[in-house]
Amino acid sequence: MKQGHPAENRSARPEVAITDTHSTHPPTPLNDFHQGLLLGILIGEGSFGGDGKQPQITLRMHTRHQRLFERLLELVPGSKLYGPYDHGGRRYFQWMARGQVLRDTLLPMLDGVRLVLDAAAMGVVCNAGTDGG
């Protein structure tokens, strides 16, 4: 990877191909444990945002959590895993959910925990259920 100022490395391509788990089947309902695991990770570590056109949930963590990311791909078919990236002395993966997977899988779960989400996250969740997702 090119060395230099950290800002120069932001556009660096990932070393591993994007993992995309598109499924032609509707999502399988998660049991209580897996739903709690998923919600806990997203609320505690996730970023609720978007690109101005469509909402998304992003989770960025060190590569030592690769097994967790692989499990997220199984739990949330249609989500994507990017990386690993090297930036600013960190080596990390980035998991993302947007579009149909956000609307059909995550929105129903997040709707049940509205009281623990901050206003910005709620804006993303609400927008995902309408025209933005």
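This report describes a nonpolar core, a buried glutamine, a cis peptide bond and the salt bridges of a predicted model.

Residues are numbered from 1 along each chain as its sequence is written, and side-chain values use heavy atoms, with hydrogens and water left out. Because the model is predicted, local features need pLDDT of at least 70 and side-chain atom pairs count only at pLDDT 80 or more, whereas totals for chains, interfaces and linings use all residues.

The largest nonpolar core (buried Ala, Val, Leu, Ile, Met, Phe, Trp, Tyr and Cys residues joined through side-chain atoms within 4.5 Å) has 24 residues, and those with the most contacts inside it include Leu38, Ile57, Trp95 and Leu106. At least two core residues come from each of α1 (32-45), β3, α2 (66-75), β5 (90-98), α3 (99-111) and α4 (119-128), with helices (H or I, at least four residues) and strands (E, at least two) taken as DSSP runs numbered from the N terminus. Helix α3 gives the largest share, five residues. Leu106 is in contact (heavy atoms within 4.5 Å) with Leu38, Leu42, Ile57, Val76, Trp95, Ala97 and Val101, when residues up to four places away in sequence are not counted.

Strand β3 (residues 55-62) also holds Gln56, which counts as buried because its relative accessibility is 13%; buried means under 20% relative accessible area, exposed over 50%, and partly exposed in between, for a 1.4 Å probe and protein chains only. The Gln56 side chain makes polar contacts (N or O atoms within 3.5 Å, one able to donate a hydrogen and the other to accept it, with residues adjacent in sequence counting only if both atoms are side-chain atoms) with the side chains of Thr58, at 3.3 Å, and Arg98, at 3.0 Å.

In the loop between β3 and α2 lies Thr63, which is buried because its relative accessibility is 17%. Beyond its neighbours within four places in sequence, Thr63 is in contact with Pro84, Arg91, Tyr92 and Phe93. Pro84 belongs to strand β4 (residues 80-87), and the peptide bond leading to Pro84 from Gly83 is cis, with omega near 10°. Most peptide bonds are trans.

The whole structure contains two salt bridges, each a side-chain nitrogen of Lys or Arg within 4 Å of a carboxyl oxygen of Asp or Glu.

| Salt bridge | N to O distance | Relative accessibility |
|---|---|---|
| Arg71 and Glu74 | 2.6 Å | Arg71 30%, Glu74 52% |
| Arg91 and Asp86 | 2.8 Å | Arg91 29%, Asp86 25% |

Arg71 and Glu74 both lie in helix α2, three residues apart, about one turn of the helix.
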